[in-house]
Amino acid sequence: MKHPDAPLWPQDFAERYRAAGYWRGETFGSMLAERAATHAERIAIADPARGIRWTYRELDERARRMAAGFASYGIGKGDRVVVQLPNIAEFFEVVFALFRIGALPVFALPAHRHTEIRYFCEFTEAVAYVVSDARLGGFDFPALASRVRAEVPTLREVFVAGSDTGPHTPLRDVPTEPHAYPYEQPEPSDLAFLQLSGGSTGVPKLIPRTHDDYLYSLWGSNDLCGVTEDSVYLVVLPAAHNFPLSSPGSLGVLYAGGRVVLCPAPDPDTAFPLIASERVTITGLVPPLALVWTEAAPDSRHDLSSLDVLLVGGAKFSEQAARRVGPAIGCTLQQVFGMAEGLVNYTRLEDPYETIVTTQGRPISPDDEIRIVDDEDHEVEPGETGHLLTRGPYTIRGYWRAPEHNKRSFTEDGFYRTGDMVRMTDSGHLVVEGRAKDQINRGGEKIAAEEVENVVLAHPAVHDVSVVAVPDDYLGERTCAYVILRADAGPLKPLAIKKFVRERGLAAYKVPDRVEFVSAFPSTGIGKVSKKDLRSAAAS
Ligand code: J2J
C-alpha cells in the first residue's frame with residue numbers, strides 16, 4: 001500500500017491479512033456507530049470524578065457533533081491534531097470525532113511540555129492542538145498553547161476542555177449539527193492516528209497506525225484478556241498511552257461494548273474506591289504501580305473483589321513481584337510486553353502459574369513473525385538470548401516521515417528492530433532479558449538518552465554529557481547524567497543541570513534523577529563512549 005508519509009504493508013501482505021480475517025474492513029467511526037446501534041443504552045464512558053456517564057448512543061452522537069464542528073473549522077482528512085488531555089471523558093469525544101473525519105490525533109502525554117509539544121506541532125505541521133484547562137490538567141496548558149501557537153505557523157486552532165480557556169476556543173463550543181458540515185470519512189486502510197515511540201533518538205518518532213491494523217490489535221487482545229460487553233476497564237495510566245488505549249485498554253473494551261471508567265490519578269486512594277463503586281473487572285498498570293497496589297490492597301477497606309484481571313507491563317516485572325500481586329489483590333495477573341509500534345505479547349489467562357510469573361507472554365497473532373538474532377542478524381540457537389525482530393498484521397513497516405531512520409529500524413524485508421533482547425521458552429513465550437537501544441525505561445516511562453543529552457549539551461558550562469540507566473528498586477531504572485564541564489566553567493552544582501533541563505521545557509520524567517561531574521568518559525575500543533562501563537559505574 002502506498003502512502004506518501006508512511007511505508008505501509010506491501011500489497012501481498014495486506015491481502016493475506018484481509019483473507020485471514022484480521023483486517024475486517026472496519027473504521028473507528030463504523031465500529032462506534034455499530035456499537036451505538038446494538039448497545040445504545042449501555043454506559044460506554046464513565047468519568048465519575050466529574051459526574052459524567054455517556055451511553056454508547058450519547059458517545060456516538062457527541063463524536064458526530066464534534067466531528068462536524070471540527071469540519072466547520074476546516075479540519076479534514078489527513079490533517080494532524082495534537083491531543084494532550086488528562087483522563088477525562090472528552091478525550092474519547094475528541095478522538096472519535098477526529099477518527100470520523102479522518103484527521104489524525106497525535107497522542108501527546110499530559111507530562112509533555114514545551115519542547116515536546118512544539119516539536120510535535122512543528123514536525124507534523126499540526127493544524128490544531130487540544131488541551132485541558134489548568135484545573136483539569138494540573139498545569140497551565142492554555143498558556144503553553146498560546147506560546148506554541150505563536151511559534152508554529154500551521155497551528156490555526158487551540159481547543160480547550162474545561163472552563164478557563166484563556167484566549168482559545170472552548171471545546172464545548174465546537175459541536176454542531178451532525179450534518180451541517182459534510183466531510184469525507186476515512187477508509188479502513190487509511191491512517192487513524194500517530195502514536196509516539198518511546199524512542200532512542202534525539203527526537204521522538206511518530207508511529208502511523210491504520211484503522212485496520214489497530215482494530216485487529218484490539219479484538220485480538222480482547223480474545224486473550226477475556227474482555228466482553230460485561231467488562232469494566234479502569235483507565236489508570238495516561239489514556240493516550242498505547243498500553244491503556246489498546247492492550248486491551250479503553251478502545252478494546254469499547255470494541256467489545258463494555259464500559260470504560262476514567263481514573264484521574266493512579267494511587268490506591270483514588271483508584272480503589274472507583275473499583276468498588278464501578279465494579280471494575282480489568283485494568284492495566286506499570287510495575288511500580290502494581291507494587292504500590294500490592295502493598296495497599298490487603299489493608300484496603302474497599303471491595304476489590306470485582307477485579308478479575310490485572311495486566312502488568314511497560315517494563316520488566318520481576319518474578320518476585322509477579323508472585324505477590326495476584327494473591328494480594330485477589331485477581332489473575334496477566335503480563336503484557338507490548339510496544340506502540342505494534343507487537344503485543346500476553347501471558348494467557350489459562351497459562352500455568354509458573355509461566356505467568358516468569359515470562360512476558362507470547363504474541364497476539366498466529367501471523368506475528370518473531371526472529372531472535374545476534375548482532376549480525378543471524379538467528380540464535382533456540383532458547384538463547386538475542387535481538388527481537390518482528391513483523392505482522394499490526395506492526396508498522398516504518399515511522400512517519402522518517403525514511404533515513406527507517407533504514408536502521410527495519411530490515412529490508414520489513415521486520416521491526418524492537419531494540420529489546422529476549423529469549424523464547426519451549427512453550428513459545430518470550431522473556432525480556434535486556435535492551436540494546438539507548439533508552440532508559442523509568443518504571444514504564446521511556447527516555448531516549450540522546451534527547452536528554454541534547455538538552456544538557458545546550459548548557460553553557462557543559463562540554464559533554466552521557467545519560468545512562470541506574471538500577472532502582474522501585475522504578476526498575478532511573479537516569480544518571482554524567483557531565484564533563486568545560487575547562488573554563490566556574491563552580492556548578494548538579495542541581496543546576498536538573499533545573500536547566502526542567503526550564504528548557506522537557507517532561508519532568510526526563511529530568512536526570514542524578515547528575516555526576518566527571519573528567520572523562522570510559523571509551524570502547526573504537527573511541528565511542530562506553531555506556532556499558534558508565535552504567536556499571538553508576539550501579540556500583
Ligand atoms: C519488559 N519490557 C517491556 C515488559 C514493554 C502494552 C504494554 C506495554 C506497552 C509499552 C504497550 C514490557 N517487560 N512487560 O505499547 O500496548 C518495553 C520494551 C518495549 C517498550 C515499548 C502496550 N513491556 N516493555 O510499553 O511503546 O522495551 O509500549 O520495546 O511505551 O517497552 O514501549 P511503549
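**Close-up views of a predicted model**

**View 1. Ser466 of strand S23 has Tyr482 as its bridge partner in strand S24.** Strands S23 (residues 462–472) and S24 (residues 476–485) pair in the antiparallel sense over 10 bridges, where pairing requires that DSSP finds at least two bridges between two strands. With three residues between them, S23 and S24 form a hairpin. Helices (H or I, at least four residues) and strands (E, at least two) are DSSP runs, numbered from the N terminus. The model is predicted, and local features need pLDDT of at least 70, side-chain atom pairs count only at pLDDT 80 or more, and totals for chains, interfaces and linings use all residues. Residue numbers start from 1 along each chain as its sequence is written.

**View 2. Residues 451–528 carry the UniProt annotation "domain: AMP-binding enzyme C-terminal", from an unreviewed entry.** This span is 22% helix and 32% strand, and its end C-alpha atoms are 18 Å apart. For residues 33–400, UniProt lists "domain: AMP-dependent synthetase/ligase", again as an unreviewed entry; that stretch is 35% helix and 23% strand, with end C-alpha atoms 29 Å apart. UniProt positions are given in the numbering used here, feature names are shortened, and annotations may be inferred rather than shown by experiment.

**View 3. An open sheet of nine strands, with mixed pairing, follows the order S2-S1-S11-S10-S12-S13-S14-S15-S16.** Its edge strands, S2 (52–55) and S16 (362–363), each pair on one side only. Within the sheet, S14 and S15 (residues 342–346) pair in the antiparallel sense over four bridges, and Val336 has Tyr346 as its bridge partner in S15. Helix H13 (residues 319–329) lies across S13 (309–313) and S14, running at about 130 degrees to S14. Axes are lines fitted to C-alpha atoms, for helices over the stretch in contact, and angles run from 0 to 180 degrees between N-to-C directions.

**View 4. The ligand is surrounded by 23 residues, of which Asn242, Phe337, Gly338, Met339 and Ala340 come nearest.** A residue is near a molecule if its C-beta atom, placed from the backbone, lies within 6 Å of it. Helix H9 (242–246) and strands S14 (332–339), S19 (416–424) and S20 (430–435) each supply at least two residues of this shell, and S14 gives the most, with five residues. The shell divides into eight nonpolar, 11 polar and four charged residues; here Ala, Val, Leu, Ile, Met, Phe, Trp, Tyr, Cys and Pro count as nonpolar, Asp, Glu, Lys and Arg as charged, and the others, Gly among them, as polar.

**View 5. Val152 is found in the loop between helix H7 (141–151) and strand S6 (157–161).** Val152 counts as buried because it has 22 C-beta neighbours inside 10 Å; a residue is buried if 20 or more other C-beta atoms lie within 10 Å of its own, exposed if 12 or fewer, and partly exposed in between, with C-beta atoms placed from the backbone. Not counting residues up to four places away in sequence, Val152 touches Arg118, Cys121 and Glu122, contact meaning that C-beta atoms, placed from the backbone, lie within 7 Å. Val152 and Glu125 are 27 residues apart in sequence and 8.0 Å apart in space, C-alpha to C-alpha. Glu125 lies in the loop between helix H5 (114–124) and strand S5 (128–132), and its phi is near 50 degrees, a positive value in a residue other than glycine.

**View 6. The peptide bond from Ser247 to Pro248 is cis, with omega near -20 degrees.** Pro248 is found in the loop between H9 and helix H10 (249–256).

Technical notes
Contact = placed C-beta atoms within 7 Å.
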